[in-house]
Amino acid sequence: MKLIYSLAALAAFSIQAQAAVAGYPVVLIHGFQPDQLKSKPAAAEVTQNGESYWQNYWNARADVRIDWPSHERIKGKIATDYVWPKLKQLSLNQTCKNGCIIVSHSTGDLVSRYLIDNQALWLQNAGMTPLNIVATFDFAGAGGGSELADLAVNVATGGGLVDAALKAALSLWLGEIPSATNVGVLQDLRVNTARQLAAMPQSRVPRLRFAGASSAFLGLTSPFLPGNDDGVVSPHSSCGASAVAAFDSCSTTVAFDGKLTGQSGVSNFMPYHYPMLMSQDYTHSNLIDAARRGNVTAVNSSKNYLDGKTLSFTTYDESRGWWIFASKYRVVKGSESYSMSDLLYRTANQG
C-alpha cells in the first residue's frame, strides 16, 4: 500500500513539474460553452465541463483551472461564485508568488481581463496577497466581443428578424436559437459591452494574442463577422484592436497565411495587448488543440513577460511561386511539425 501511495505521489509530482510554462504555474480560463445556456449546470457539472474543454492539450499542462458557467454574467455570479473562490485559493496557496501565466480561450479572454483589473483590490480588501500575473496567452480572444453575440441577443429578445442565413449561422454556433431567458454571457460578448468591461486596465500585464482565420461552421457565420474571422470572432477582437473595423490581419505587413505584403491590418491595440502568432489554417476552437493544422506566422516574434523574461519565436522567410509571380512568406520555425498550442508551449519552455 505504501508503494502505491509513493507511486501516486511521484505521478502527481511529475504532472505538477511539467505543468509550468517558462517556469511559471499555468491558470486556465475557458471560453463560452453554448450548451450551458439551456442546461444551466450546477457547480459540479461546471467543473466537469471545464476539464473537458481543455482535455485536447492544455489540461495536462496546467496547475489550476477557473471554470465558469456560460448562463451567468461576468460581473455577477461568474465573478462572485466562480472567479473569486479560485483567486482566494491561488493567493492562499501562493501559486503565483513567483509569477504565473493565464492561458485563456475565447470568452476566457474577457473573463481574465476583468479578473486582472480587479484581483489586486479584491484580495487586498480581504487581507490577502494579490496574484503576481506575469502574462496571459490568449487564444482566439473574444475580449473585443463578437458580432454574433449582438445578433443572438437581438434575436432572443425580439429585436431582430431571423432570415434563413442568420438562423443557420446561429444554430451552428449555439446549437439552437436562444430565448430571452437563456442568453447569459452572450450579453457580455456583445461588442460594445465587451469593450467597456475593464477597458482601461491599471495592471501592466502583457496580453499575448494567438489568432486563427480559418472560418468554422462551414463558413456560414463569416458573413456576419467583419474582415477575416475564425468562425466566431474577427481580428479586431482576437488581435486586440483598440477599435472595431473589418481587419484582414493582426499586422499591416504580414497576412494570416504569412505572406509579406501590405494588409488592412490592426495598427492600434488595446492597452498591453500584443499579437504574437497567427495562422490561416486554425479555426476558433482548434487553436487550443494538439493537432497541427498548418504553418504559423509571427506578428511579433519576441515579447517580454512582466518580470523581464522573454518569449521568443524563430522565423524564416521562404519564397513561394515561380519567377515574377513568386511571393515571400514568413514562417515560424517548428510550426511545420507542431500545433500552435504545442509550438507555444515548447518555445516558452526552451529558455
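Which residue in β7 is the bridge partner of Met 278? In this predicted model, the partner is Thr 297. The pair belongs to the junction between strand β6, residues 273-279, and β7. Two strands meet there through 2 bridges, and they run antiparallel.

The wider sheet gives this junction its context. The sheet is open and has 7 strands. Their order is β2-β1-β3-β4-β5-β6-β7, and the pairing is mixed. The edges are formed by β2 (64-66) and β7 (297-298), each of which pairs on one side only. In general, strands of a sheet pair through backbone hydrogen bonds, in either a parallel or an antiparallel arrangement.

The chain as a whole contains 11 helices and 11 strands. Its radius of gyration is 20 Å, close to the 20 Å given by the globule rule for 351 residues, so the chain is as compact as a globular protein of that length. Along the principal axes, the C-alpha atoms fill a box of roughly 70 × 50 × 40 Å. Of the 351 residues, 51% are buried. Among contacts with a separation of 6 or more, 70% link residues 24 or more positions apart. The exposed area of the chain is about 15,200 Å². Carbon and sulfur atoms supply 51% of that area. Charged side chains number 28 positive and 26 negative. The centres of the two sets lie 6 Å apart.

Strand β3 spans residues 100-105 and is mostly covered, with 6 of its 6 residues buried. Cover is found on both faces. One side carries Cys 100, Ile 102 and Ser 104. The other carries Ile 101, Val 103 and His 105. In the sheet order, β3 stands between β1 and β4. Strand β1 (residues 26-29) runs parallel to β3 and is joined to it by 4 bridges. Within this pairing, Val 26 stands opposite Ile 101. On the β4 side, 6 bridges join the two strands, again in parallel. His 105 of β3 has Phe 139 as its bridge partner in β4.

His 30 lies in the loop between β1 and α2 (35-39). Is His 30 buried or exposed? His 30 is buried, because its relative accessible area is 0% and the cut-off for burial is under 20%. Beyond neighbours within four places in sequence, the contacts of His 30 include Gly 50, Tyr 53 and Trp 54. Ile 66, Asp 67 and Trp 68 also touch His 30. His 105, Thr 107 and Gly 108 are further contacts. Among these residues, Ile 66 falls within edge strand β2 (64-66), and His 105 is a buried residue of β3.

The loop between β4 (133-139) and α6 (147-156) holds Ala 142. Ala 140 lies in this loop as well. Ala 140 has a phi near 50°, a positive value in a residue other than glycine. Most residues other than glycine have a negative phi. Ala 140 is buried, with a relative accessible area of 0%. Ala 142 is also buried, at 1%. Excluding neighbours within four places in sequence, Ala 142 is in contact with Ser 106, Thr 107 and Asp 109, among others. Its contacts also include Leu 189, Ala 194, Val 233 and Ser 237. Thr 107 is thus a contact of Ala 142 and of His 30. Arg 190 is 48 residues from Ala 142 in sequence, and the C-alpha atoms of the two are 9.8 Å apart.

Leu 218 also has a positive phi, of about 60°, although it is not a glycine. Leu 218 is found in the loop between β5 (207-212) and α10 (235-238). Its relative accessibility of 78% is over the 50% cut-off, so Leu 218 counts as exposed. Ala 140, by contrast, is buried.

Asn 349 is placed in the segment after α11 (340-348). Is Asn 349 buried, exposed or partly exposed? At 30% relative accessibility, Asn 349 counts as partly exposed. Not counting residues up to four places away in sequence, Asn 349 touches Ala 20, Val 21, Ala 22 and Gly 23. Gly 240 is 109 residues from Asn 349 in sequence, and their C-alpha atoms are 25 Å apart.

Technical notes:
Residues numbered from 1 in each chain as written. Predicted model: local features only at pLDDT ≥ 70, side-chain atom pairs only at ≥ 80, totals over all residues. Heavy atoms only, no water. Rg over C-alpha atoms; globule rule 2.2 N^0.38 Å. Buried < 20%, exposed > 50% of the residue type's maximum accessible area, 1.4 Å probe, protein only. Contact = heavy atoms within 4.5 Å. Areas by Shrake-Rupley, 256 points an atom, 1.4 Å probe, with all protein chains shown as cover. Lys, Arg positive; Asp, Glu negative; His and termini not counted. Charge placed at Lys NZ, Arg CZ, Asp CG, Glu CD. Pairing = 2+ DSSP bridges.
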